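Trainee: I would like a close look at a single part of this model, namely its largest nonpolar core and the helix packing around that core. Please set it in the context of the whole chain before turning to the details.

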Amino acid sequence: MASPAAAQSARKDLKTGNKFFEQENYRASIPYYEKVLAKDPNNAKALFNAGIAYMSFDKEKASDYIYKAQKIKPKVSKDVEYWLGRVDHLNFNFDEAIAHYQAYNATLKKNDQRKEELAQLIQYSKNAKVQFNSPKDVVLKNLGPTVNTQYSEHSPVISADDKLLLFTSRGENVTGASGNASGKKNKSIAADGEYYEDIFETRRIDADNWEKPRSLSGVLNGKGHDASIQVFDNDTKMLLYRNDNNGDIFMTEKTGGDWTAPTRLNGNINSNAFESDAFITPDGLTLYFSTGRYSEDGTLDLYYSTRQPGGDWGPAKSLGGNINTKYDDDSPYLSRDGKTLYFSSRGHNTMGGYDIFKSRWDSIGRKWSRAENMGYPINSPDDDSYYRLSPDGSYAYLSSYRLGGYGEKDIYTINYIKNAIIKGQVFSKRDSTSTIPGAELVFSGTQADKTAISFRDVTKAPNGDYRVTVLSGRTYQVAVSKDGKNIETQEFAVPVSTNDTTTIVKNFYVDYIDTTNIAGNRFKNIYFDTDKYNLRPESIRELNNLARILKANPGVNISIEGHCDSRNTDEYNMVLGQNRAQAAYNFLKKQGITQTRMATVSYGERRPAAPNDSPENMQLNRRDEFRIILKEGERMPVLNMGTGTTGAGKGAGATGAGMGTGTGAAGTSGGSKLAPGKSKVKMADGTKVKIKVDEDSDKIKVKTEGPNGSESKTKMKNGELDAKMKDASGEKTKVKTKVD
């Protein structure tokens with residue numbers, strides 16, 4: 001329990017805080033409320049008032065304080081539901097805000113004028129919900145703590161070369177009423193407890209950094225608020241605001257590197273009412289400005305004036321009902337071509353507070369089109385104003401008070417998300433080198449508003465390359481297909497790009513085997529025993545088949561690729577894989593295949609055909625693969641599969657492996673059986689072939705004699721093959737195996 005002295009001190013602090021609060025000097029009230037809460041954390045009144053005060057500096061803390069106050073004391077204020085609605089709206093809880101507004105509205109009498117405000121606040125929340133659920137593809141970036149402070153920074157003005165930024169600040173470095181930087185800050189404080197506004201300038205260091213700002217004190221900064229509006233005429237002239245006469249528009253010129261004393265624009269522009277902001281067109285002939293002169297309740301509307309023959313501004317004319325509302329309409333800005341008007345408004349379909357709107361000039365109807373909300377995230381539930389395009393129009397500046405800022409209003413840049421070029425190749429995952437021409441890639445994603453988008457390309461021959469332009473800043477599902485069949489779908493995140501020159505290289509590796517790259521599956525793998533590289537009998541049969549095809553296609557070259565399982569080290573397996581490839585190479589060379597038509601390569605264990613998790617799968621990995629080597633721009637050839645026995649080479653081919661076409665033993669492989677009897681054939685190269693088939697066709701004998709002295713004898717009976725071969729050098733080979 002607090003001591004009497006502590007309780008008395010808390011009451012005194014609460015009283016002082018309430019005094020500042022009632023004067024709407026919210027920043028000054030907060031320290032006193034925090035002193036109370038340090039001694040009495042559950043003081044509902046201090047929590048409630050501090051929450052309202054924090055709404056201009058810390059939205060989330062404001063919500064926490066007001067909700068906590070209501071929980072401690074449900075009737076802490078008769079207006080508690082109103083303020084709960086306000087903080088929920090600012091924190092993007094739009095449905096909850098509407099519920100609180102409706103609950104508060106139910107407590108008001110029928111003729112209470114606040115009902116109209118409540119109806120508008122409810123509409124703001126409904127508008128905000130629509131805009132929030134349909135975001136635009138833009139990126140907002142805070143200019144950072146060098147420019148922005150815990151106080152308000154606004155009214156960005158950029159020079160023609162995009163290197164000098166003028167802006168307005170209510171920070172601690174203002175000169176205010178003192179007219180100097182003497183440190184007498186009490187003279188720099190306005191009635192609301194904030195510092196007066198002063199104009200500052202800073203130079204760009206690089207794309208993301210600025211020099212320490214300096215105050216344009218002296219002639220530019222008057223006794224009260226001063227704000228930058230626009231520089232024009234090659235940055236030699238400036239429009240600025242001063243709160244003289246309730247707020248007027250002034251102009252100054254730069255001479256000798258400094259600004260002259262500002263002069264007030266004429267009576268067609270300024271009045272005893274509030275003139276807030278203005279914009280002069282590049283030709284200097286038209287001035288757009290905001291004024292409270294013509295409204296019954298002093299709210300701002302947008303007007304324009306044209307320069308008269310004498311050089312001064314003529315009578316003001318309204319921009320019309322498509323622009324002006326019964327609420328404040330402020331901060332006009334025109335695109336360089338004069339066809340698009342940007343402005344801030346508390347009316348139309350704002351999300352709450354000021355929103356940025358745009359309108360296009362209807363040259364036929366001679367009027368501005370209906371105002372269009374620029375949407376979220378350009379706009380937020382709080383004030384968004386002073387939209388200004390960069391000199392080249394590629395991005396914009398904005399002043400806004402939003403979550404994640406440094407406090408009160410900050411200056412942001414708005415960059416529209418641009419396209420990015422994605423290019424690369426599609427490879428077979430099996431070997432990571434074989435490209436896949438003719439593969440279709442479809443990049444599927446969504447815009448910020450969840451609208452589906454997709455971009456497509458097909459890989460080109462011979463390198464399997466693609467190129468597609470996509471909207472950046474999102475993750476795409478990339479579906480890869482071939483011949484209308486989906487291979488697989490991968491995710492690919494494309495980073496945000498704010499220019500149209502971003503190029504990203506992305507190669508896709510997919511689980512696909514291009515069968516056209518394996519000679520129509522006619523080049524079968526051969527397999528090896530564990531830790532061995534000698535050829536098995538069935539491997540000799542496949543190699544003879546390969547030799548026959550290569551002889552029938554003299555323009556075809558091949559790559560012989562040796563592979564291993566993972567039983568040994570990678571280094572060891574690279575050597576073993578090379579030995580396996582070399583074994584096939586040596587055999588084919590003996591069959592008459594010129595060595596210049598063959599290349600060997602070892603992949604060791606690096607490209608398994610199956611996981612090394614079982615004896616069966618490991619056997620699949622102990623292999624040689626054969627691939628046709630294509631020259632750049634060359635298409636896969638249509639192969640002549642050859643005829644007759646493979647013994648027509650250098651003797652050893654007549655093992656039965658080549659039988660199954662022409663005069664070979666087709667009956668052993670499911671083809672039509674040979675007729676019983678004897679036959680003799682002389683091949684084009686002079687090889688003589690004798691074939692004898694018994695009456696039941698279950699026994700076949702084949703004898704070959706080559707012109708170079710090679711010969712072979714092959715006998716096939718009951719599915720078994722027995723062959724003896726001798727090549728031209730006299731080297732003999734015997735093969736005995738079962739035939740599939």
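Trainee: What percentage of the 740 residues of the protein chain count as buried?

Mentor: This is a predicted model, in which local features need pLDDT of at least 70 and side-chain atom pairs count only at pLDDT 80 or more, whereas totals for chains, interfaces and linings use all residues. Residues are numbered from 1 along each chain as its sequence is written, and side-chain values use heavy atoms, with hydrogens and water left out.

To your question: 50% of the 740 residues in the protein chain are buried (under 20% relative accessible area, with exposed meaning over 50% and partly exposed lying in between, for a 1.4 Å probe and protein chains only). The chain contains ten helices and 40 strands (DSSP runs numbered from the N terminus, helices being H or I of at least four residues and strands E of at least two). Among contacts (heavy atoms within 4.5 Å) with a separation of 6 or more, 54% join residues 24 or more positions apart.

Now the part you asked about. The largest nonpolar core (a set of buried Ala, Val, Leu, Ile, Met, Phe, Trp, Tyr and Cys residues joined through side-chain atoms within 4.5 Å) comprises 36 residues, and F48, I66 and W83 have the most contacts inside it. At least two residues of this core come from each of α1 (4-22), α2 (26-39), α3 (44-54), α4 (59-72), α5 (80-90), α6 (94-105) and α7 (114-132). Of these contributions, that of α3 is the largest share, at eight residues. F48 shows how the elements are linked: beyond its neighbours within four places in sequence, F48 is in contact with I66, A69, V76, S77, V80 and W83. The partners of F48 thus include I66 and W83, which stand beside F48 among the residues with the most contacts inside the core.

Two helix pairs deserve attention. Two packed helices are described by the angle between their axes and the distance between the axes. For α3 and α4, the axes (lines fitted to C-alpha atoms, for helices over the stretch in contact, with angles from 0 to 180 degrees between N-to-C directions) are 8 Å apart and lie at an angle of about 155°. The two helices are therefore roughly antiparallel (angles over 145 degrees, while those under 35 count as roughly parallel, 65 to 115 as roughly perpendicular and the rest as oblique). Their crossing is left-handed (the near helix is turned anticlockwise from the far one by less than a right angle; clockwise would be right-handed). On the α3 side, A44, L47, F48, A50, G51, I52 and Y54 take part, and they meet K59, K61, A62, Y65, I66, K68, A69 and I72 in α4. The residues of this contact divide into eleven nonpolar, one polar and three charged (Ala, Val, Leu, Ile, Met, Phe, Trp, Tyr, Cys and Pro count as nonpolar, Asp, Glu, Lys and Arg as charged, and the others, Gly among them, as polar).

The pair α5 and α7 has axes that come within 11 Å and cross at roughly 25°. These helices are therefore roughly parallel to each other, and α5 passes α7 in a left-handed crossing. Y82, R86 and H89 in α5 meet E117, L118, L121, Y124, S125 and A128 in α7. Five nonpolar, two polar and two charged residues make up this contact.

A further residue in α4 is S63. Its relative accessibility is 11%, so S63 counts as buried. Leaving out residues up to four places away in sequence, S63 touches V87 and N91.

For context, a few loop positions outside this helical part may be noted. D162, in the loop between β2 (153-158) and β3 (164-169), has a positive phi near 65° although it is not glycine; its relative accessible area of 19% makes it buried. N246 is found between β7 (237-242) and β8 (248-255) and has a positive phi of about 70°, again in a residue that is not a glycine; at 53%, N246 is exposed. The peptide bond from Y376 to P377 is cis, with omega near 10°, and P377 lies in the loop between β19 (372-373) and β20 (384-389).
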